[in-house]
Amino acid sequence: MAKCGWLLLLLPALACAGNGASGSAGAIPRQPVVQLLTSACLAKAGQEPLLKSLLSSPAAASAYCGCAGERIVSGLSDDELLDAVSKGKGVAQDPVWKRRLLNVGLQCLDQLVK
């Protein structure tokens, strides 16, 4: 169940990131995508009961979401980011993307204990 919660937190953020980045030519600017991912993550964290309990303070949520946004964006090429965005919520059904996003979520768990 916790694994699904982390995926649910990250997947909508990827979809939101594409809306902000789709109009640019050439390389996708990374910092606005990180900001969109972080904002979407924070919004999702406040809605999911499991995530609300895991990200129990604004500081924990901010640290986790910032970490996840940075790691997702830094780990994707422009083509991969566009692929994720083109799949939208369908990314959640793709086993490769599920593993990737879960891995990012797990890498940022240390942010919860700081």
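The exercises below, each with a worked solution, deal with a predicted model.

Residues are numbered from 1 along each chain as its sequence is written, and side-chain values use heavy atoms, with hydrogens and water left out. Because the model is predicted, local features need pLDDT of at least 70 and side-chain atom pairs count only at pLDDT 80 or more, while totals for chains, interfaces and linings use all residues.

**Exercise 1. The overall make-up**

Task: State how many helices and strands the protein has, and what share of its residues is buried.

Solution.
- Step 1. Helices (H or I, at least four residues) and strands (E, at least two) are DSSP runs, numbered from the N terminus. The protein has six helices and zero strands.
- Step 2. Read from the N terminus, the order of elements is α-α-α-α-α-α.
- Step 3. Buried means under 20% relative accessible area, exposed over 50%, and partly exposed in between, with a 1.4 Å probe and protein chains only. Of the 114 residues in the protein, 39% are buried.
- Step 4. Contact means heavy atoms within 4.5 Å. Among the contacts with a separation of 6 or more, 74% join residues 24 or more positions apart.

**Exercise 2. Helices H2 and H4**

Task: Describe how H2 and H4 pack, and list the residues that meet.

Solution.
- Step 1. Two packed helices are described by the angle between their axes and the distance between the axes. Axes are lines fitted to C-alpha atoms, for helices over the stretch in contact, and angles run from 0 to 180 degrees between N-to-C directions.
- Step 2. For helix H2 (residues 30-45) and helix H4 (residues 58-74), the angle is about 140° and the axes are 8 Å apart.
- Step 3. Angles under 35 degrees count as roughly parallel, over 145 as roughly antiparallel, 65 to 115 as roughly perpendicular and the rest as oblique. H2 and H4 are therefore oblique to each other.
- Step 4. A crossing is left-handed if the near helix is turned anticlockwise from the far one by less than a right angle, and right-handed if clockwise. The crossing of H2 with H4 is right-handed.
- Step 5. H2 contributes Arg30, Gln31, Val33, Val34, Leu37, Thr38, Cys41 and Leu42, which meet Ala61, Ser62, Tyr64, Cys65, Gly66, Gly69, Glu70, Ile72 and Val73 of H4.
- Step 6. Sorted by class, this contact of H2 with H4 holds 10 nonpolar, five polar and two charged residues. Here Ala, Val, Leu, Ile, Met, Phe, Trp, Tyr, Cys and Pro count as nonpolar, Asp, Glu, Lys and Arg as charged, and the others, Gly among them, as polar.

**Exercise 3. Two residues of H2**

Task: Decide whether Thr38 and Ala40 are buried or exposed, and find residues of H4 that go with them.

Solution.
- Step 1. Thr38 lies in helix H2. Its relative accessibility is 16%, so Thr38 counts as buried.
- Step 2. Leaving out residues up to four places away in sequence, Thr38 touches Cys65, Gly66 and Gly69.
- Step 3. Ala40 is also found in helix H2, and at 13% relative accessibility Ala40 counts as buried.
- Step 4. From Ala40 to Gly69 the C-alpha to C-alpha distance is 9.5 Å, with their positions 29 residues apart in sequence.

**Exercise 4. Helices H4 and H6**

Task: Describe the packing of H4 with H6.

Solution.
- Step 1. The angle is about 135°, and the axes are 9 Å apart. H4 and H6 are therefore oblique to each other.
- Step 2. H4 and H6 cross in a right-handed way.
- Step 3. Tyr64, Ala68, Arg71 and Ile72 in H4 meet Leu101, Val104, Gly105 and Gln107 in H6. By class, the contact of H4 with H6 has five nonpolar, two polar and one charged residues.

**Exercise 5. Salt bridges**

Task: Find the salt bridges and say which helices they join.

Solution.
- Step 1. A salt bridge is a side-chain nitrogen of Lys or Arg within 4 Å of a carboxyl oxygen of Asp or Glu. The structure has two salt bridges.
- Step 2. One joins Asp78 and Arg30, with the closest N and O atoms 2.6 Å apart. Asp78 lies in helix H5 (residues 78-87) and Arg30 in helix H2, so the pair ties together parts 48 residues apart in sequence.
- Step 3. Asp78 counts as partly exposed at 22% relative accessibility, and Arg30 counts as partly exposed at 27%.
- Step 4. Glu80 and Arg100 also form a salt bridge, at 3.1 Å from N to O. Glu80 is in helix H5 and Arg100 in helix H6 (residues 95-107), so this pair ties together parts 20 residues apart in sequence.
- Step 5. Glu80 counts as partly exposed at 27% relative accessibility, and Arg100 counts as partly exposed at 29%.
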